[in-house]
Amino acid sequence: MSVLEPHHNFIDGKWQPAEGGGRHQIRNPARPDEVLGDFPSSAPADVDAAVSAAAGAAKEWARMPGPQRGAILSRFAQLLESRKAELGRIVTLEMGKPLGEAAGEVGRAATEARFSAGEASRLDGHTFATERAGYSCQTVLEPLGVVAAISPWNFPVVAPVRKVAPALACGNAVVLKPASITPWSSSYIVELFESAGVPPGVVNLVIGSGNAIGNRLVDDPRVGGITFTGSTAVGIPLNERAARRLAKVQLELGGKNPAVVVDYDDLEGAAREIVSAALQCSGQRCTAISRVIVGEDQADALVQELLAQISRIRVGDGLDEKTTMGPLSSKTQLETVERYVQIGRDSSAKLLAGGRRLAEDPDRQGYFYAPTLFDHVSPDSPLALEEIFGPVLPVIRVRDFDQALEVANASRYGLAAALFTTKMKCAQAFMRTIRAGMIHINHGTASQAHVPFGGVKDSGLGAYSIGHTAKEFYTNVKAVYVKWE
Ligand code: NAP
């Protein structure tokens, strides 16, 4: 698909414009004057058509033996892998991350899809001992039917694939609604599902604003489950809405992920891991390290190492191979970052790096922001507590490990957390005490493609995605009793 070609929804195996012909353009965040393409602004009628198509196709798809569905998903994973460069470029264009990160994202999505392909052969139930002679008792896993998948813009390939692939493996049909600013990657992915042999109606794509069509998708009684990745602010009301009809939900929401550094002997290594985990994707990762909590005795030395790492970052257009950090993905994100930096400037925190837009360079007309480090941030500052979703790293100094644990747990979020320490006792206490879905000891907050992924508190609800836990969301358990004698 080429730049500026008009894009469509994909419903019942056909590419078609939105009902009423509504359209919107997407732009390159590195060069906002550059229009990348023209996409549908769907209406509730498009959701209705997509859900009808999915409901019509779901039964046959569920009847297909799991290993056959898995074979189709394996082909999809292969296609994804083979299009890494082309799709990676689309990710860079519409979302802004550097080409290397974008290609890495496509590779990661292919690995997750391959795992899902295998899961289609592992939809196991249990057999049970029976209380009554002549009876057998077992459980089987059944698909939900139609799954609605609502995805964010920060991982335009991984996020939809992480939803659609396991949904299909488990025998569901899907209606995918990607984020409005990054629909191009989803169009491309849906083409690959089609090329891999997914039958018409099994994967449907509806592009449009969440405000305009989200409620219709969530309210449709034919939708058996809603998997949503996005902000906590949108996720909570979505959950309330879904709860009215007891629809199953999987929510993957925001984070404020701490890196605690206490009694560590390699501060340079810790800083490398922290800065990489904090600033990849320009800090727009749900699992980005977004606060550093450090013991007072190591704070000065760690801050120097953090500054050294930050000074190596080269901000620029993601298409430039020398770039290590791209622009923010939208003007809205840029303004959010500017608002929080102003809060930091108005507080007693010390701004040590960044704190400004990079707009003075004529090549940088986009939403570029300098990597920013604040030291001496108070634990009750909004910088320390709220998700900024940008390249802003606050450092909070603490007396000792006990205070570090207290501060780390003080956030409303509970997604990922890292600890750098040489003390086994601290590592054990951290694993037991920190309320988060994912804990990383002595490395940054990077996950793997087959390990359950999710959060607690305001970071998520429902079964974890990725790995064997995904099928807990995409299937229902049915208990079956048979009297055979
Ligand atoms: P968002 O604004 O909450 O949007 C997420 C998705 O929901 C988009 O497709 C959006 O559509 C849609 N949406 C908006 N309003 C809706 C409604 N009323 N009903 C149904 N859908 C609606 O989040 P975002 O800004 O795209 O993504 C950033 C957030 O995602 C961050 O908070 C980040 O931490 C979180 N995230 C979490 C994870 C995780 O695994 N925990 C992973 C990635 C990102 P529009 O684009 O049209 O508004």
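1. Contact of α4 with α5. In this predicted model, helix α4 meets helix α5 through Glu-105, Arg-108, Ala-109, Glu-112, Ala-113 and Ser-116 on the α4 side. The partners contributed by α5 are Val-158, Val-161, Arg-162, Ala-165, Pro-166 and Ala-169. Sorted by character, the residues of this contact comprise 7 nonpolar, 1 polar and 4 charged.

2. Geometry of α4 and α5. Helix α5 covers residues 158-169, and its axis comes within 9 Å of the axis of α4, with a crossing angle of roughly 10°. Angles under 35 degrees count as roughly parallel, and α4 is therefore roughly parallel to α5. The crossing of α4 past α5 is right-handed.

3. Contact of α2 with α6. A second helix pair is formed by α2 (residues 66-82) and α6 (residues 183-196). From α2, the residues in contact are Ile-72, Leu-73, Arg-75, Phe-76, Leu-79 and Leu-80. They meet Ile-189, Leu-192, Phe-193, Ser-195 and Ala-196 of α6. The residues of this contact divide into 9 nonpolar, 1 polar and 1 charged.

4. Geometry of α2 and α6. The two axes come within 8 Å and cross at roughly 130°. An angle over 145 degrees would count as roughly antiparallel, and 65 to 115 as roughly perpendicular; α2 and α6 are therefore oblique to each other. The crossing of α2 past α6 is right-handed.

5. Salt bridges as a group. Side chains of opposite charge can pair when their charged atoms come close. Under the rule that a side-chain nitrogen of Lys or Arg lies within 4 Å of a carboxyl oxygen of Asp or Glu, the count for this model is 22 salt bridges. Individual pairs are described in the points that follow.

6. Glu-119 and Lys-471. A salt bridge joins the side chains of Glu-119 and Lys-471, with 2.8 Å from N to O. The two residues belong to distant parts of the chain, 352 residues apart: Glu-119 lies in helix α4 (residues 99-119), while Lys-471 lies in helix α15 (residues 470-474). Are these charged residues buried or exposed? Buried means under 20% relative accessible area. Glu-119 is therefore classed as buried, at 7%, and Lys-471 is buried as well, at 17%.

7. A shared network. Some salt bridges have partners in common. Through such sharing, Glu-296, Asp-300, Asp-375 and Arg-397 are joined into one network.

8. Asp-48 and Arg-216. Another salt bridge brings together the side chains of Asp-48 and Arg-216, at 2.8 Å from N to O. This pair also links distant parts of the chain, since Asp-48 is in helix α1 (residues 44-63) and Arg-216 is in helix α7 (residues 210-219), 168 residues apart. Asp-48 has a relative accessible area of 23% and is partly exposed. Arg-216 is partly exposed too, with a relative accessible area of 38%.

9. Lys-84 and Glu-81. The salt bridge between Lys-84 and Glu-81 has its closest N and O atoms 3.2 Å apart. Lys-84 is partly exposed at 29% relative accessibility. Glu-81 is likewise partly exposed, at 29%.

10. Cys-281. What is the backbone angle phi of Cys-281? Phi is near 60°, a positive value in a residue other than glycine. Cys-281 sits in the loop that runs between α9 (267-279) and β13 (289-295). With 2% relative accessibility, Cys-281 counts as buried.

11. Phe-389. A positive phi, of about 65°, is also found at Phe-389, which is not a glycine. The residue belongs to the loop between α12 (382-385) and β16 (392-398). Its relative accessibility is 16%, and Phe-389 therefore counts as buried.

12. Gly-20. The loop between β2 (14-16) and β3 (23-28) contains Gly-20. At 82% relative accessibility, Gly-20 counts as exposed. How many residues separate Gly-20 from Gly-269 in sequence? The separation is 249 residues, and in space the two are 55 Å apart, C-alpha to C-alpha.

Technical notes: Residues are numbered from 1 along each chain as its sequence is written. This is a predicted model: local features need pLDDT of at least 70, side-chain atom pairs count only at pLDDT 80 or more; totals for chains, interfaces and linings use all residues. Side-chain values use heavy atoms; hydrogens and water are left out. Axes are lines fitted to C-alpha atoms, for helices over the stretch in contact, and angles run from 0 to 180 degrees between N-to-C directions. Helices (H or I, at least four residues) and strands (E, at least two) are DSSP runs, numbered from the N terminus. A crossing is left-handed if the near helix is turned anticlockwise from the far one by less than a right angle, and right-handed if clockwise. Contact means heavy atoms within 4.5 Å. Ala, Val, Leu, Ile, Met, Phe, Trp, Tyr, Cys and Pro count as nonpolar, Asp, Glu, Lys and Arg as charged, and the others, Gly among them, as polar. Buried means under 20% relative accessible area, exposed over 50%, partly exposed in between (1.4 Å probe, protein chains only).
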